[in-house]
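Subject: Structure for your review

Dear colleague,

Please find the structure below, followed by notes on what was found in it.

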Amino acid sequence: MAIREFKEAIKYKKDFPYYYYNLACAYIAQKEYKEAKKMLKKAIKLKNEADFYYNLAFVNKQLKKEKEYTQALSEYEKLKG
């Protein structure tokens, strides 16, 4: 249900990064990691935020994308300070 609601919200405000982030979180809860990754990348394009990279690192780890996992974790650590 959350996935449907966030997709609907995105139709009305395509430049709001938290809709993409929350949609990604809903996909993560469903273990749909490829979809989550797409949404996190869209969120990051709109706003460079540490939590987005943290979840992107998690998703890449689940997808066994070690290089991308390391890169996302590095970005997370830079932004967190």
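Among contacts in the chain between residues at least 6 apart in sequence, what percentage join residues at least 24 apart? The figure is 43%. Please keep in mind that this is a predicted model.

Overall fold. The chain has 5 helices and 0 strands, so the order from the N terminus is simply α-α-α-α-α. Its radius of gyration is 12 Å, close to the 12 Å that the globule rule gives for 81 residues, so the chain is as compact as a globular protein of that length. The C-alpha trace spans about 35 × 25 × 15 Å along its principal axes.

Core. Of the 81 residues, 36% are buried. The largest nonpolar core consists of 23 residues. Leu-23, Tyr-27, Ala-36, Met-39, Leu-40, Leu-56 and Val-59 have the most contacts inside this core. At least two core residues come from each of α1 (2–12), α2 (17–29), α3 (33–46), α4 (50–62) and α5 (66–80). The most is given by α2, with 7 residues. Leaving aside residues up to four places away in sequence, Met-39 touches Tyr-20, Leu-23, Ala-24 and Tyr-27.

Surface and charge. The accessible surface of the chain is about 5,500 Å², and carbon and sulfur atoms account for 51% of that surface. The chain carries 19 positive and 11 negative charges, and the mean positions of the two sets lie 4 Å apart.

Regards

Key:
Residues are numbered from 1 along each chain as its sequence is written. This is a predicted model: local features need pLDDT of at least 70, side-chain atom pairs count only at pLDDT 80 or more; totals for chains, interfaces and linings use all residues. Side-chain values use heavy atoms; hydrogens and water are left out. Helices (H or I, at least four residues) and strands (E, at least two) are DSSP runs, numbered from the N terminus. The radius of gyration is taken over C-alpha atoms; the globule rule is 2.2 Å times the number of residues to the power 0.38. Buried means under 20% relative accessible area, exposed over 50%, partly exposed in between (1.4 Å probe, protein chains only). Contact means heavy atoms within 4.5 Å. Accessible areas come from the Shrake-Rupley method with a 1.4 Å probe; for residues, only the protein chains shown count as cover. Lys and Arg count as positive and Asp and Glu as negative; His and the chain ends are not counted. The place of a charge is taken as NZ of Lys, CZ of Arg, CG of Asp or CD of Glu. A nonpolar core is a set of buried Ala, Val, Leu, Ile, Met, Phe, Trp, Tyr and Cys residues joined through side-chain atoms within 4.5 Å.
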